[in-house]
Amino acid sequence: MKLALHQSTWWGLVDDVSGMKFAKKVGFDSYDLFPGRSLSPKDGPFFRNAFKTSGLTPSALTLVGGTLSDFNQPVREFSLGWVKGQLEIAYDIGCEMMVLALGSYDWEGKELDPKIQMAWLVEGVKAVGDHAKNIGMKV
């Protein structure tokens, strides 16, 4: 069993590397990334080095994917591409999985049947899951 600490613990308090070193010092084995912004390919080397320096292992990337069920198809398509890209960067960093937070139902059943929005969400999550499986990660 790994004991992991979530990156958001330190938001606004300390930088990533200092937070990771402190997490290791107090007994954590692993670290979950949730940077509060989009990861870029430049983040791969930074985080790989930070994990090596701190002695922690990367566990997961937490990502909010609420727009996978957006009313507008172009937004859903963009979101799917963005989530897949974040998944690939997390894989490059060494994360074993992605925790995908899906948001909530926004239309309250007034303008759009919830079953329609749920179908869009299921379609998007299946596509993310297939992509994760292809690169060796879990969602």
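Here are four short exercises with worked solutions on this predicted model.

**Exercise 1: the overall layout**

Work out how many helices and strands the protein has, and which pattern they follow along the sequence.

*Solution.* Start by counting elements: there are four helices and four strands. Next, walk along the sequence, where the pattern reads β-α-β-α-β-α-β-α. To finish, take the extent of the C-alpha trace, which spans about 50 × 30 × 30 Å along the principal axes.

**Exercise 2: the sheet and a helix on it**

Find the strand order of the sheet, name its edge strands, and describe how helix 3 packs on the sheet.

*Solution.* Take the order to begin with: the four strands form an open sheet arranged 1-2-3-4, and the pairing is parallel. Now look for strands that pair on one side only; these are strand 1 (4-6) and strand 4 (97-101), the edge strands. As for the twist, neighbouring strands are turned by 25 degrees against each other on average, with direction ignored.

Then zoom in on one pairing. Strand 3 (residues 57-64) runs parallel to strand 4, and five bridges join the two. Within this pairing, L63 has L100 of strand 4 as its bridge partner. Last comes helix 3, which packs on the sheet and touches strand 2 (30-33), strand 3 and strand 4. The direction of helix 3 makes about 170 degrees with that of strand 3.

**Exercise 3: a salt bridge across the sequence**

Determine how many salt bridges the structure holds, then place the partners of K2 and E96 in the chain.

*Solution.* The total comes to three salt bridges. One of them joins K2 and E96, whose closest N and O atoms are 2.6 Å apart. That separation can be checked against the cut-off, which asks for a Lys or Arg side-chain nitrogen within 4 Å of a carboxyl oxygen of Asp or Glu. Now place the two residues: K2 sits in the segment before strand 1, while E96 belongs to the loop between helix 3 and strand 4. The pair therefore links distant parts of the chain, 94 residues apart.

**Exercise 4: the largest pocket**

Identify the lining of the largest pocket, the elements that contribute to it, and its chemical make-up.

*Solution.* The space in this pocket is about 160 Å³. Its lining consists of L68, Q73, R76, E77, L80, W120, E123, G124 and A127. Mapped onto the elements, two or more of these residues come from helix 3 (73-93), and likewise from helix 4 (114-135). Sorting the lining by type gives four nonpolar, two polar and three charged residues. Bear in mind that Gly counts as polar in this sorting.

How values were computed
Residues are numbered from 1 along each chain as its sequence is written. This is a predicted model: local features need pLDDT of at least 70, side-chain atom pairs count only at pLDDT 80 or more; totals for chains, interfaces and linings use all residues. Side-chain values use heavy atoms; hydrogens and water are left out. On a 1 Å grid over the protein atoms alone, a cavity is a set of points where a 1.4 Å probe fits but cannot get out, and a pocket is an open set with protein on both sides within 12 Å along at least five of seven lines; lining residues have an atom within 4 Å of a point. Grid points are joined across faces, edges and corners, and a volume is the space filled by probe spheres set on the points. Two strands pair if DSSP finds at least two bridges between them. Axes are lines fitted to C-alpha atoms, for helices over the stretch in contact, and angles run from 0 to 180 degrees between N-to-C directions. Contact means heavy atoms within 4.5 Å.
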